[in-house]
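This briefing introduces a protein structure to a reader who has not met it before. Please keep the sequence and the structure in view while reading the points below.

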Amino acid sequence: MKVLISFLLLILSTSLRAQESIPKDYNKDIRYIQSFIRDLANENKAVDIILSQYLIVENPSDEIYDYLEVSLEEVRINLMTKNLEEIDYIPYSKMPKKEIRDIDPEGLDTDNMYFLHYRKRQMLAVYLENGKIGSFTLVSKGNNLAHFVLY
């Protein structure tokens with residue numbers, strides 16, 4: 001009987017910890033990212049409109065807008081071959097340690113980092129900031145580390 005009670009307590013405490021590690025705004029964040037992905041996959045929506053609707057651009061310039069439009073077009077092309085319903089949206093806290101050990105958050109809130117997987121392969125990483133997308137670009141910073149680039 002003691003073994004059974006100990007086992008039940010272990011399962012309960014593990015599930016409570018798992019629930020605590022989900023970001024506070026998880027459902028709202030996922031809905032927002034899903035909306036972004038649906039709009040981006042819709043070829044009838046102009047990329048510049050999607051950019052202005054979903055992304056934060058702190059330092060606007062023609063160069064950054066050109067870069068972001070081309071980057072969004074690349075993601076759009078990648079989405080064309082995907083069933084959007086099969087995309088998994090995984091918060092940083094739920095990612096396997098081996099998959100995030102090479103990411104340097106650089107002081108950014110990891111509760112706002114999400115990784116989109118399609119058929120168990122990462123296809124995109126998104127950082128949310130102030131209710132919008134602050135970055136969907138992970139780049140190498142050397143020493144086998146990557147970081148989000150804020151626009």
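Is Glu 73 buried, partly exposed or exposed? Glu 73 counts as partly exposed, because its relative accessibility is 35% and the partly exposed class lies between the limits of 20% and 50%. The model discussed here is predicted. The points that follow begin with the charged surface around this residue, then turn to the salt bridges, a polar contact and two backbone angles.

**Negative surface patch**

- Glu 73 lies in helix α4, and it belongs to a negative surface patch.
- The other members of this patch are Glu 43, Asp 48, Asp 62, Glu 63, Asp 66 and Glu 69.
- Helix α4 supplies the largest share of the negative patch, namely five residues.

**Salt bridges: overview**

- The structure contains four salt bridges.
- Asp 104, Glu 106 and Lys 141 are joined in a network of salt bridges.

**Salt bridge between Lys 45 and Asp 39**

- The side chains of Lys 45 and Asp 39 form a salt bridge with an N to O distance of 3.2 Å.
- Lys 45 is classed as partly exposed, since its relative accessibility is 33%.
- Asp 39 is buried, because its relative accessible area of 11% falls under the 20% limit.

**Salt bridge between Arg 119 and Glu 86**

- A further salt bridge pairs Arg 119 with Glu 86, and their closest N and O atoms are 3.0 Å apart.
- This pair links distant parts of the chain, 33 residues apart.
- Arg 119 sits in the loop between β2 (113–118) and β3 (121–129), whereas Glu 86 sits in the loop between α4 (62–79) and β1 (87–91).
- Arg 119 is exposed, because its relative accessible area of 55% is over the 50% limit.
- Glu 86 is partly exposed, with a relative accessible area of 31%.

**Salt bridge between Glu 106 and Lys 141**

- The side chains of Glu 106 and Lys 141 meet in a salt bridge at 2.9 Å, N to O.
- Glu 106 is in the loop between α5 (97–100) and β2, and Lys 141 is in strand β5 (residues 138–142), so the salt bridge ties together parts that are 35 residues apart in sequence.
- Glu 106 counts as partly exposed at 42% relative accessibility, and Lys 141 likewise counts as partly exposed at 35%.

**Polar contact of a buried threonine**

- Thr 137 is located in the loop between β4 (132–135) and β5.
- Thr 137 is buried, because its relative accessible area of 9% is under 20%.
- The side chain of Thr 137 makes a polar contact of 2.5 Å with the side chain of Tyr 151.

**Positive phi angles**

- Glu 106, already described in its salt bridge with Lys 141, has a positive phi of about 50 degrees although it is not a glycine.
- Asn 144 is another residue other than glycine with a positive phi, in this case near 60 degrees.
- Asn 144 is found in the loop between β5 and β6 (145–148).
- Asn 144 is exposed, because its relative accessible area of 72% is over 50%.

Methods:
Residues are numbered from 1 along each chain as its sequence is written. This is a predicted model: local features need pLDDT of at least 70, side-chain atom pairs count only at pLDDT 80 or more; totals for chains, interfaces and linings use all residues. Side-chain values use heavy atoms; hydrogens and water are left out. Buried means under 20% relative accessible area, exposed over 50%, partly exposed in between (1.4 Å probe, protein chains only). Helices (H or I, at least four residues) and strands (E, at least two) are DSSP runs, numbered from the N terminus. Patches are made of residues with over 30% relative accessible area and no salt bridge: like charges are joined within 9 Å, nonpolar side chains (Val, Leu, Ile, Met, Phe, Trp, Tyr) within 5 Å. Accessible areas come from the Shrake-Rupley method with a 1.4 Å probe; for residues, only the protein chains shown count as cover. Lys and Arg count as positive and Asp and Glu as negative; His and the chain ends are not counted. The place of a charge is taken as NZ of Lys, CZ of Arg, CG of Asp or CD of Glu. A polar contact is a pair of N or O atoms within 3.5 Å; within protein, one must be able to donate a hydrogen and the other to accept it, and residues adjacent in sequence count only if both atoms are side-chain atoms.
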